Amino acid sequence: MHAKRVNIFRGAKNLALTMILFSVAAGIAKPQTSHQGSEEARIERVLSGLRAPIAIKSQPSERSTLAEEMAQSHLPGISIAVIDNGQIAWARGFGVKEAGRIDPVTTSTLFQAQSISKAVTATATLVLVNSGRLSLYKSPNVYLKSWKLPYNEYQAHEKVTLRRILSHSSGLNVGSFAGYQPGEPLPSLLQILNGEKPANNPPIRVDFTPGSKSRYSGGGAEVMQQLLMDVTGQQFPELMKRLVLTPVGMTSSTYEQPLQQTRWVEAASGHDGEGAVIKGKWLIQPQMAAGGLWTTPTDLSKWALAITRAWKGEQNELFSKRTATEMLTVQKAPYGLGVEVQGVGPSLEFSHGGSNLGFRAQVVMFPAVGKGAVIMANGDRADWVIGNLIRSIASEYHWPALRQTEREVIPLSTTQLDALVGVYSLPPGPSGEVVTYEISRTGNRLFAEFKGLGSYPKYELFPSSATSFFSTIGLDINFTLDASGRATSLKMGDIPGTRKQ
């Protein structure tokens with residue numbers, strides 16, 4: 001339930017859907033600002049200025065509209081909140097809650113927060129640290145009553161601590177959880193921790209020396225869930241409401257799993273990469289701390305602003321400046337305590353992404369300059385739209401980072417390009433699908449296309465050397481040549497590919 005952000009190709013295949021998306025969006029969720037005219041113009045520039053992460057030097061930078069990219073990505077709905085000058089500048093919803101229906105996404109539509117749930121859970125932990133009820137330096141077993149983290153040889157010289165759990169350096173396993181279909185048996189938290197049926201995850205255990213490296217762990221969040229329940233004596237949704245949601249004004253949000261039936265009407269349905277509603281509309285997430293939060297971009301913006309006020313030493317509803325500073329200090333790169341942290345000074349940024357089946361989300365905040373955004377969407381291919389939208393917001397609101405960058409292209413001969421043309425085998429997909437990466441040439445231009453993971457359009461590869469290429473979507477491709485100069489393999493980022501033909 002965690003995804004790095006990637007980016008979408010521009011263009012719209014379905015003009016009808018494009019028109020529907022904006023006819024539905026028209027007139028709803030008006031921007032929350034006292035400067036309606038000027039803010040409206042900025043919103044329009046954001047919505048029409050989506051851009052890939054890379055532009056070609058000395059060439060005009062292409063732009064696309066939100067509606068075009070939603071249509072291209074088969075994305076039914078998206079909800080956006082933009083933060084500027086330390087407050088929510090505007091929030092709007094676009095598209096529909098469920099494909100084939102007309103119920104629009106508004107600013108009050110609930111989305112699964114996915115792994116952003118972990119960041120809000122970490123906030124509750126830090127509230128108790130700030131009050132002295134917990135220590136970041138102690139083992140979770142000091143506080144756990146209902147269950148204990150088993151000892152093993154990896155803990156012989158270094159111990160698991162709350163600090164290491166919150167910074168994903170504890171040695172705890174289970175990176176993500178699959179969730180459960182409606183009607184399936186749901187595991188208890190103890191069954192999740194022990195990996196016992198009907199839980200669909202392995203036991204949550206330490207499998208490397210604590211503190212030795214950073215590795216994302218959803219399992220650590222579940223240990224924190226049990227710890228917080230044992231310390232407070234409350235069920236998890238209630239303690240999260242008391243410690244974080246109510247104090248910061250997240251009035252629409254809940255960790256209740258399954259979502260109460262009376263609130264189904266508020267929720268967006270999840271969709272696969274082709275825009276079809278997933279079975280059951282959404283998965284149930286009994287691993288609440290790791291991915292069980294239902295919320296809105298407006299509510300998550302209130303959370304980000306509360307963290308910002310604490311970090312600045314201003315009056316806030318959570319904790320002291322000292323605690324907030326620890327939260328936003330890198331512990332083991334790239335993590336602070338519960339959030340990803342990078343940059344310094346005005347460029348200091350805290351963020352978190354999320355990825356559950358059918359949903360994607362991103363929150364990013366620059367506390368020193370009071371700027372940020374939260375975007376939530378109900379489709380598996382929303383990552384690309386979110387990334388391009390973030391860059392449009394960053395440009396319009398003059399963020400200190402996350403804007404489009406330029407790269408230079410060098411000329412190559414058709415002979416050099418032809419040596420790279422072919423079909424390359426990639427690692428299998430999540431369900432064992434055969435995945436290939438097909439390289440072709442048109443004139444003096446090289447193109448690439450994924451096959452095996454749904455419908456993805458071709459995109460151009462630009463040479464920075466005879467063997468190194470990049471795309472405007474931010475993906476680097478490096479080829480390995482044999483003695484004759486013909487490519488035998490490639491690396492797409494860190495993903496290896498071997499020539500088939």
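Select Val341 in β6 and Phe350 in β7: these two residues are bridge partners. Helices here are DSSP runs of H or I with at least four residues, strands are E runs of at least two, and both are numbered from the N terminus. The model is predicted, and local features need pLDDT of at least 70, side-chain atom pairs count only at pLDDT 80 or more, while totals for chains, interfaces and linings use all residues. Residues are numbered from 1 along each chain as its sequence is written, and side-chain values use heavy atoms, with hydrogens and water left out.

**The open sheet**

Extend the selection to β6 and β7 (residues 349–356), which pair in the antiparallel sense over three bridges. Two strands count as paired if DSSP finds at least two bridges between them. Now show the whole sheet: six strands, open, in the order β3-β2-β9-β8-β7-β6, with antiparallel pairing. At its edges are β3 (87–95) and β6 (340–342), each paired on one side only. Neighbouring strands of this sheet are turned by 15° against each other on average, direction ignored. Axes are lines fitted to C-alpha atoms, for helices over the stretch in contact, and angles run from 0 to 180 degrees between N-to-C directions.

Next select β2. Eight of the eight residues of β2 are buried, so the strand is largely enclosed by the rest of the structure. Buried means under 20% relative accessible area, exposed over 50%, and partly exposed in between, with a 1.4 Å probe and protein chains only. Gly77, Ser79, Ala81 and Ile83 point one way from β2, and Ile78, Ile80, Val82 and Asp84 point the other way.

β2 has antiparallel pairing with β3 over eight bridges and with β9 over six bridges. Centre on Ile83 to see both sides: its bridge partner in β3 is Ile88, and its bridge partner in β9 is Gly372. At the turn of the β2–β3 hairpin there are two residues between the strands, and Asn85 takes a positive phi near 55°.

**Helices on the sheet**

Add α12 (residues 382–396), which lies across β2, β8 and β9 and runs at about 155° to β9. Then add α10, which packs on the sheet and touches β2 (77–84), β3, β7, β8 (359–366) and β9 (371–377). Its direction makes about 25° with that of β2.

Within α10 (residues 297–311), pick Thr298. What does Thr298 touch beyond residues up to four places away in sequence? The list is Ala81, Ile88, Ala91 and Thr107, where contact means heavy atoms within 4.5 Å. Thr298 is buried, with a relative accessible area of 13%.

**The cavity**

Move to the enclosed space. A cavity is a set of points, on a 1 Å grid over the protein atoms alone, where a 1.4 Å probe fits but cannot get out, and lining residues have an atom within 4 Å of a point. One cavity of 30 Å³ or more is found, and the largest cavity has a volume of about 100 Å³. Grid points are joined across faces, edges and corners, and the volume is the space filled by probe spheres set on the points.

To outline the largest cavity, select Lys118, Thr121, Ala122, Ile165, Leu166, His168, Ser217, Gly220, Ala221, Met224, Gly338 and His352. Helices α4 (116–130), α5 (162–166) and α7 (218–232) each supply at least two residues of this lining. By class the lining has five nonpolar, six polar and one charged residues. Here Ala, Val, Leu, Ile, Met, Phe, Trp, Tyr, Cys and Pro count as nonpolar, Asp, Glu, Lys and Arg as charged, and the others, Gly among them, as polar.

Now select Lys213, in the loop between α6 (189–194) and α7. Lys213 counts as partly exposed at 41% relative accessibility. Leaving aside neighbours within four places in sequence, Lys213 is in contact with His168, Ser169, Phe208 and Lys332. The C-alpha atoms of Lys213 and Ser169 are separated by 5.7 Å, with the two residues 44 apart along the chain.

**The barrel**

Finish at the barrel: eight strands close in the order β11-β12-β13-β14-β15-β16-β17-β18, with antiparallel pairing. Its neighbouring strands are turned by 30° against each other on average, direction ignored. Select β14 (residues 459–463) and β15 (residues 468–470), which pair over two bridges. Pro463 stands opposite Phe469 in β15.

The last stop is Ser471, in the loop between β15 and β16 (476–481). Is Ser471 buried or exposed? Ser471 is buried, at 1% relative accessible area. Outside four places in sequence, its contacts are Ile54, Tyr459, Glu460, Leu461 and Phe462.

Note on methods:
1 Å grid on protein atoms, 1.4 Å probe; cavity = no way out; pocket = protein on both sides within 12 Å on 5 of 7 lines; lining within 4 Å.
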